[in-house]
Amino acid sequence: MRPFNASLLSLRARIPGLGTSTCPLYTSTRRFAQVANVQDIPTEDDKPFTVPIADTSFETYHFDPPTYSVKTTKSQLKQLFRDMTTIRRMELTADGLYKQRKIRGFCHLSIGQEAVSVGIEHAITREDKLITAYRSHGNTLMRGGTIKSILGELLGRRDGIAHGKGGSMHMYAKSFFGGNGIVGTSVPLGTGIAFAQQYDQTGNITVNLYGDGAANQGQVHEAFNMAKLWNLPVIFGCENNKYGMGTSVERASASTEYYKRGQYIPGLKVDGMDVLAVLAAMRHGREWVKAGKGPLVYEYATYRFAGHSMSDPGTAYRTREELQTERSNDPISNLKSKLIDWGIMTEDEARAVDKEVRGMVSREVEAAEQMPVPEPRWDVLFEDIYVPGSEPDQRRGRTVDETVY
Amino acid sequence: MVRPRAPRCLIAQIPRRYYSAPSPAAKLNLPLDFKTTPLLHHTPATLSSVPNFPAGATSKRLNLFQAINSALRTALSSSDKVLLFGEDVAFGGVFRCSMDLQSEFGSDRVFNTPLTEQGIAGFAIGAAAEGMKPVAELQFADYMYPAFDQIVNEAAKFRYREGNTGVNVGGLVIRMPCGAVGHGALYHTQSPESLFAHIPGVRVVMPRSPAQAKGLLLSSIFEHNDPVIFMEPKGLYRAAAEYVPNEYYTIPLSKAEIVKPGKDLTIISYGQPLYHCSAAISAIEKTMKGVNIELIDLRTIYPWDRQTVLESVRRTGRAVVVHESMVNYGVGAEVAATLQEGAFLRLEAPVKRVAGWSTHTGLTYEQFILPDVARIFDAIKQTLEY
């Protein structure tokens with residue numbers, strides 16, 4: 001039987017820069033010609049100093065914006081760059097594996113949205129919880145999943161992060177609740193997690209991510225109400241990448257100001273293509289929520305360079321010009337040009353990081369491809385379902401190999 | 001759990017293994033041959049023998065999504081009360097069922113909705129109550145759960161509770177692609193028909209082929225005062241192609257069809273597994289000489305055609321029920337219970353169920369969970385030899 005999306009695959013147009021290993025990881029166009037000069041950059045890697053954030057980075061709703069600067073260190077700035085580069089390389093690798101038909105089924109890439117998952121992770125702790133929807137590879141990596149366990153999962157291997165049961169949308173790690181396949185269903189869950197945190201007086205917060213498409217689901221609004229009613233320590237985060245599958249936000253939402261959707265909950269819109277803006281916004285929001293002031297609704301204005309899923313070339317519902325304009329606002333090159341302007345990294349160093357990441361990811365792919373496929377055994381098949389020993393009694397035809405009469 | 005690692009040169013020599021590739025030794029679980037299966041009209045000639053199809057109709061070879069498209073086009077041009085909406089429907093839908101319909105019928109009648117299944121269902125019910133014939137698409141059956149409240153508590157109870165107003169939501173059809181394709185994993189594989197079949201007031205339909213789909217869909221839209229859950233096996237969208245009449249025609253709901261007559265055992269199934277049943281039947285009829293198996297397509301899962309099934313099993317004395325969704329509390333349980341009530345003294349063997357195991361469909365496990373030709377073959381054999 002042909003996979004049902006086979007003919008869509010053949011329609012896939014080639015998006016410049018996507019999915020070929022020879023292409024550069026990101027465009028090198030500089031968008032911020034006027035990067036503010038940073039005074040007194042320390043020579044030490046770990047000494048804190050402050051870098052500016054563009055004054056267009058935030059829009060607020062009943063909420064004071066964060067300061068337009070963020071305290072960081074040279075090593076953190078370099079790590080932000082490395083993390084985003086790693087996600088990008090991992091996603092491009094998954095894209096390649098899919099095109100080689102090694103990864104099957106559903107696969108949603110976060111190329112273009114790296115600044116959101118990386119900025120969030122650098123502002124929270126491992127005791128804070130995070131839950132998201134189906135575009136989750138980057139979040140999984142940032143929450144501590146290894147590249148090989150993520151790629152192994154995509155390949156359907158036993159040592160994948162969910163034993164090959166889930167695939168692209170269903171990955172879990174400590175303090176990370178997935179990876180959810182149904183849009184909107186994770187949002188009330190995240191609210192419940194935050195309730196447990198409050199009940200247990202952990203002093204930690206939950207980051208509750210969903211997409212612009214999910215924002216129109218009823219249960220998202222039910223979650224808002226409960227969160228505010230009980231003042232729960234949760235930051236709702238709408239990753240607005242401008243398209244819910246093939247439908248632009250304007251066609252799907254009566255109001256596209258997702259940060260105002262909480263009505264009675266303060267909100268903040270963040271430039272999701274600037275990892276430093278995301279970092280600053282999340283630190284600010286985390287302090288607010290931890291202080292017991294109740295939930296927040298964040299919106300990360302971002303963009304998905306890839307299609308919705310692997311069967312979507314991502315070109316039918318948006319123009320090539322739009323895609324090109326957005327690609328010139330690449331979160332990785334945005335950070336890179338700042339780091340170079342600030343003298344924190346040279347072009348050569350950036351290239352070296354890139355090369356190192358590329359080598360590391362390809363080693364991880366190799367390891368993932370070596371992972372065994374799940375064994376076709378009853379105890380594996382019915383794991384987590386039946387009490388061992390109570391599985392169906394099946395005498396013949398259990399697997400294709402046994403089907404010989 | 002970890003197997004010893006093979007030397008790399010060995011791995012390179014092993015052909016790439018797809019999740020659902022048959023093993024070289026397989027004799028039964030071969031890829032289904034949709035080009036020769038007796039379940040499809042491979043030439044226009046066989047259409048004329050079908051009672052429901054219009055006499056002398058012109059026809060065209062279509063696959064399932066094209067047949068759905070043809071039915072929707074026919075419906076939209078037959079009545080301006082027919083509406084079509086759902087997620088990404090304006091662009092043709094993820095499975096291409098609504099291709100070109102917006103440009104033909106306009107964005108007032110064919111349009112995209114937000115990702116809001118509960119909203120889509122409720123909105124459709126309201127429109128139907130006001131006389132429209134809304135065909136609402138849920139992108140996957142797996143996404144229907146937010147809409148379940150609306151379907152159970154509003155749509156199903158509408159005609160029952162309406163007092164003397166005469167209002168019903170007939171013409172409301174909620175379409176959803178269902179079933180497995182081999183790699184859909186947890187949220188793109190489910191077949192929740194038995195959940196709907198528990199609810200009086202809805203009709204649950206699952207066609208087996210393009211020509212069946214068109215007639216059943218038109219019947220669902222135009223001929224009933226009940227809301228219809230119309231489940232389309234997405235594995236058949238491209239795989240199953242046959243000649244489909246171009247004209248308007250309907251196939252009655254709640255009427256099963258004997259797709260292959262036989263005398264020794266009755267298989268009751270619906271949707272995609274019918275093709276597995278058909279393959280298993282031809283294998284067993286070759287292996288066990290003189291054996292003759294009857295195959296029934298329920299077509300409508302609820303309210304279902306008990307009479308046709310009971311009459312058949314009273315004749316054959318043996319029955320196997322096959323479906324893709326999980327065996328626990330499934331359609332097979334209802335059919336088996338009905339058979340022991342209505343054909344007990346004629347039964348020569350226990351009614352057997354071949355269905356998905358009671359587990360979720362993990363990405364790599366689908367082929368082990370769903371009924372295959374070997375399992376159906378084995379069930380027939382056991383039931384005949386009981």
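## Sheet and domain contact in chain B

In this predicted model, F85(B) has A136(B) as its bridge partner in β4(B). Strands and helices are DSSP runs (E, at least two residues, and H or I, at least four, respectively), numbered from the N terminus. Residues are numbered from 1 along each chain as its sequence is written, and chains are lettered from A in the order in which they are written. Local features need pLDDT of at least 70, side-chain atom pairs count only at pLDDT 80 or more, and totals for chains, interfaces and linings use all residues.

Strands β2 and β4 of chain B run parallel and are joined by five bridges; two strands pair if DSSP finds at least two bridges between them. An open sheet of seven strands in chain B follows the order β3-β2-β4-β5-β7-β6-β12, with mixed pairing. Its edge strands, β3 and β12 of chain B, each pair on one side only.

| Strand of chain B | Residues |
|---|---|
| β2(B) | 82–86 |
| β4(B) | 133–137 |
| β3(B) | 110–112 |
| β12(B) | 300–302 |

Helix α8(B) lies across β2, β4, β5, β6 and β7 of chain B and runs at about 165° to β7(B). Here axes are lines fitted to C-alpha atoms, for helices over the stretch in contact, and angles run from 0 to 180 degrees between N-to-C directions.

Chain B is divided into domain 1 (44–245) and domain 2 (255–384), with bounds from an automatic or database domain assignment. The contact takes 24 residues from domain 1 of chain B and 21 residues from domain 2 of chain B, where contact requires C-beta atoms, placed from the backbone, within 7 Å.

Key: Contact = placed C-beta atoms within 7 Å.
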